[in-house]
Every structure is written in structure tokens, then in C-alpha cells.
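Trainee: Please pick one part of this structure and look at it closely. Then place that part in its surroundings.

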Amino acid sequence: MKRWRYTPMADLDQTMVERLRNFPREPDMLVYGLRALVALIIRGLLGTYHRFEVVGAENLRNERSFVLVANHSSHLDTVCLLAALPFRKVQRAFPAAAADYFFRSVPRTWIASIGVNALPFSRSVHVRHSMTICGQLLANPGNVLIIFPEGTRSTTGATQEFKSGIGALLAGRDVNVLPCYLDGAFHAWPKGQSLPRPRKVRLIVGPPRNYATRAADKASISAIASELRDAIEQLGQRHDIRRTLDEDLGRPEAVLSFVESGEADG
Amino acid sequence: MSPKAALHDPVFLAYVRVVFVTLAIAGAILGLLHLVWKKQIAAIWQTYRGWLVMAPLALAVIFAGRVPFIVGVTLLAIFGFKEFARASGLYRDWWMTGAVYAGIVTVGIASVMPQPQGEEPGPGWYAFFVAVPVFAIALILVIPILRNRFRGELQRMSLGIVGFVYVGWMFGHLGFLANAVHAYGYLCYVIFATEVNDVAAFTFGRIFGRHPLRSEISPKKTWEGALGAIAVSMILPWLLRFSLPEFGPTQLILAGLIVGIGGQLGDLSISVIKRDIGTKDMGQSIPGHGGILDRIDSLIYVAPLFMHMTGYYYPLR
């Protein structure tokens, strides 16, 4: 009789939290179920509480693996980008999250790994290892990697300089990258505030870019990073113009709130 | 079973005292070993701390009533099977895992719901409860047909059936016992005696252990430990007679043998599975104890044997 071959899960001897800190993580039905539930709740909340709107969603419908890069000013950014993707991508979208912030304490590990399927990215040590993991992820089809190249949330709402790591990841790799501009997230939930305010949040998804033909030397890597930043800034500026036009036309709710506050002062 | 009934049930209240006194005595002995005789007991201390959490938790679930207890048993069975599936690799097959989960939930439902028609002596649908394996195995056999594939399916079906019958259904008997007239007595006796039997086997083995019981399967278990545990388990029913009101001498001896021998067999059978797979523990969910399956393995054997022995002599419900 032929012997059976067992293939135990690789994380068998680890505790629940240790398993969640791994990447790639072994698939777990309970975690997948909870994550789908969280995604539904987040989509509902964003739609009602933040009147979340996506411009250019057609760019996101792609079966090849791609990278989303965006400006980062709020914890809302990650959930907005996830909510913009088709629902079946919930288990295949991986926001790169700072390992030293999101994967240290147990509750944050739960939120990051179960809630948003985060990829633990070390900002200081093991950077190269984290980059290799990102590369492997993109080599398989159907994955979405979400990266905020600023490295941390902006405290002013203005986009900071992009770290060159994003360039190193994209240079010479035939992977599309979609620059995205998030508008309103900073006002809704800035860094340091404990809960979000009910402000409108809008996501503008730009057309895909590809850096497969670019060399991976230092100059071109930082050029890619600044090109991406410019692309995002442009998306934002174009969008800002439209918003200014809206405001010139005079939105009734803006007028109303002005009148109300005036009365309260009197 | 309900919180109100538990508060007025002398048997349940007696067991609350028994459990806490036992934990206190065990703690005192461990403290003496450490402070007076300067023994290294760090590992045992961690196991003891696990008991300090699990024992009150088990009492709380029994206190909460019949349905919460059955739900608790069902959840333990689901997570126990998950450990088995993760260790054997069956967990990669979500269809088969899902089918076994469905079977385990059905065991829980059969324990809770009343018989749809005809006269039944009490809660729970006994006829369906004992027939659930038919439906669960039928579902497991259908999975490869639905997916139109055969390669490696015999292994998956076998693992699914063993996992369901062993962890889902046999352990599920503990949940069905909650429907008994003397539910508090039976449940408290079965759980308490089985865990005492486990601890006794470990303790006797540690102190007197010389001759390996099953050298190939589990080199740490010894004849001395097993016999010591059986001796303790034979005495225990007489001490805990208040919880088994109808039992005569024959039934008390049987209850002792079921716990004493069944408990060891449960322990050894999980060792066979672990050995063949090549893993040490089934999981790491309980610090100092290993996985859920490592803790409930003896109960898996004892619960059904105790239930059917009792049902043979007395109307269970």
C-alpha cells in the first residue's frame, strides 16, 4: 500500500498571533470570512459616513497583478483604496504596512492582518527581504499591492517626498502601477485624531504606468519615485480645480452651515 | 440546565467547590515543591496556570445552561477538527473542511432541537444525533463527485471521515449529555474525572514511571502512570457518588473503568495520529497544554462510552 503523504500547514507550531505576523500567511477560512465581513462593513461605512466616491474605477479592473500608489495622510487611505477594488479582490489585495507600527502589539496585528490583509513591511531592518516578498507577490497573477511611498502619514495633508524604494520595486519589472490621489481623507481623519469625522472622501485613480524598460540604477530609481509623485500631484491639482468650480457655483449646504453658525454666534 | 437551575442545584454547587479546592490543593503542592524542595517546575507551573483559566471557564459554560453548553462543545469540536485538519494538511481542501464543519454543526443542532414528531422523553433529537454520521459521510463522499476529481480524494475523504467521527461526533456526545435528567452530575463527573485521570497519569508516570506503556507511540507514557491513573479513576466515582444518584456498584465500577481506560486510550489514539503525521502538538492554542485536541483527546473517548453505558441502564433523559 502506498504511504500517504501529509502536508501539514507550515505555521503549525505557531500561536495565532505569530501566524498572523507571517507573510505570506497560510490561508485560514475563519480569517478569510472575518476579512470579507470587515470589507463589507468598511464599504458600507465609507459609502454612508464619508460619501466615498471613486473617479477612474475602470483602471482598477485588471486581472494582472498591479501596484497602487497614493498620497498618505490618514488611516482612511488604506481602507479607501481597498474599498475601491472589486469585492472579489478582498483576499488578494495587500497594503504594505509598517511592521514596527502595525505588527507589534496584538490588537494592531489583528486589525492589520485580519482586517485589511496587510503585508508587514520593515522600514528599518530587513528592507531588502520585504522588497523580495513584494516582488514575489507581483510575480503571481491577480494580486494587488498597495504602497504609500511617503513611508508615513503626512501631518499637514501635503504630499511628502516619495522614498526611492518604490522605484527599486518597479524599475525593470513588467508590472503596471496606478497612481492614485486621495482627497478629503486628511480632513476626515488626520494623524493624531482618535476618530474620523463625517467628511467626504474622494479617490481619483490615474491611468496605469509601466517602468519595465527602465534600468534599476540609483538615478532612475529616484526618478521613478519623483515621476510617480508628480503624477499623483497632477491628479490632485486637476481634481482641485474641479472642486473650486463646484464651490464657485455655491453649494447650498455650505451656505446653510454658514447661516447656522452665524445664528449660533449671535 | 439554566443559570437559575444551576444556582439551586446542589450537585453543580458541590462541583464548584470541588474544582476550586482541587485547584487550591494542587497549587499548594506545586508551591511546596518549588519553595521547600527547590524543584524545577516551570513547565508544570505553566500547565497549572492553564488549568486556572480552563476550569472556571468550563464551570461558567455549564452554568450558562443547556444551549450555551452545546454551542461551546460544538465550537471546541470545530476548532479541534481545525487543528487535526491543519496538522494533516486536509485544511488546504476547503470543500472537505467545509463539509466536516457542516457535519459538526449538524451534531450540535441535533443535540439542541427537539424531535419533530412523536413522543420523546426529553430535549434533544436522539435518533438523529446517532444518525448524523450517515449524512456527514454521505456529504463527504459527494464532495469529489461535485468537484469532478479523484486524485488523492481517498485520502481526503478518509481524513474527513476520521476527523468528523472522532472530533465532531464522538466529542459531540458531551454536548448531548446536557440533555440528561442529571445533566449537572453527569457532565461535571465526566469532565472532572477525565481531567483528574489525565493529571494522575502524568503525576504517577513522573514519580514511578519505569516501563514504557506503548514504546513506539508515546515513549513518555508508562505502565506505572496508566495503572496509577486507573486506580485513581476507580476510586473517584465512589467519592463523587452524589453526582451519579442512580448508579449502583456495577455502574460505578463501569464509570471508573470508562474514565480510567478510555481516557488513556484517547490520549494514545491522538498520539498515533500525531506520530504518523510527524508533529509534536496539534497546535499552540493553550499555553502549557499544546492544542485544543491535546486537551480534549481523553474526553473524546470517555464522553460517548459514558453516555451509552448510562443510557443502557437508565433512561438518559
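Mentor: The account below starts from one residue and works outward. This is a predicted model, in which local features need pLDDT (the predictor's confidence in each residue, from 0 to 100) of at least 70 and side-chain atom pairs count only at pLDDT 80 or more, while totals for chains, interfaces and linings use all residues. Residues are numbered from 1 along each chain as its sequence is written, and chains are lettered from A and ligands numbered from 1 in the order in which they are written.

The residue is B:Leu174, in helix H7 of chain B, which spans residues 153–176; helices (H or I, at least four residues) and strands (E, at least two) are DSSP runs, numbered from the N terminus. Is B:Leu174 buried or exposed? It counts as buried, because 28 C-beta neighbours lie inside 10 Å of B:Leu174. The cut-off for buried is 20 or more other C-beta atoms within 10 Å, exposed is 12 or fewer, and partly exposed is in between, with C-beta atoms placed from the backbone.

What does B:Leu174 touch, leaving aside neighbours within four places in sequence? Its contacts (C-beta atoms, placed from the backbone, within 7 Å) are B:Val73, B:Val190, B:Leu299 and B:Ala303. B:Val73 is 101 residues away from B:Leu174 along the chain, yet their C-alpha atoms are separated by 7.1 Å.

Two of these partners also appear in a wider group. B:Val190 and B:Ala303, together with B:Phe171, B:Leu177, B:Leu187 and B:Cys188, touch the most other members of the largest nonpolar core, which has 81 residues. Such a core is a set of buried Ala, Val, Leu, Ile, Met, Phe, Trp, Tyr and Cys residues joined through C-beta atoms within 7 Å. Helix H8 of chain B (residues 183–208) gives this core its largest share, 13 residues. Another core lies apart from it; that one has 63 residues, including A:Ala97, A:Ala171, A:Ile204 and A:Ile221. In soluble globular proteins, nonpolar side chains tend to be buried together.

B:Leu177 shares partners with B:Leu174: B:Val190 and B:Ala303 occur in both lists. Not counting residues up to four places away in sequence, B:Leu177 also touches B:Ala183, B:Tyr186, B:Leu187 and B:Met307.

Now the whole of chain B. It has eleven helices and zero strands. The radius of gyration of chain B, taken over C-alpha atoms, is 20 Å, close to the 20 Å that the globule rule (2.2 Å times the number of residues to the power 0.38) gives for 317 residues, so chain B is as compact as a globular protein of that length. Along the principal axes, its C-alpha atoms fill a box of roughly 65 × 50 × 30 Å. Of the 317 residues, 43% count as buried. Contacts across long stretches of sequence are frequent in chain B: among those between residues at least 6 apart, 71% join residues at least 24 apart. The mean pLDDT of chain B is 93, and 100% of its residues reach 70 or more.

Chain B also meets chain A. The contact takes 13 residues from chain B and eleven residues from chain A. On the side of chain B that touches chain A, helix H4 (66–88) and helix H5 (94–112) each supply at least two residues. The largest share of that side, three residues, comes from H4(B). For the complex, the predictor gives an ipTM of 0.82 and a pTM of 0.87.

Chain A is built with both kinds of element, having ten helices and eight strands. Buried residues make up 36% of its 266 residues. One of its strands, S6(A) (residues 176–183), is mostly covered, with six of its eight residues buried. S6(A) pairs with strand S2 of chain A (residues 66–70) in the parallel sense over five bridges, where strands pair if DSSP finds at least two bridges between them. A:Cys180 in S6(A) is the bridge partner of A:Ala70. With strand S7 of chain A (residues 202–205), S6(A) is joined by four bridges and runs antiparallel; there A:Leu182 has A:Leu203 as its bridge partner.

Note on methods:
Contact = placed C-beta atoms within 7 Å.
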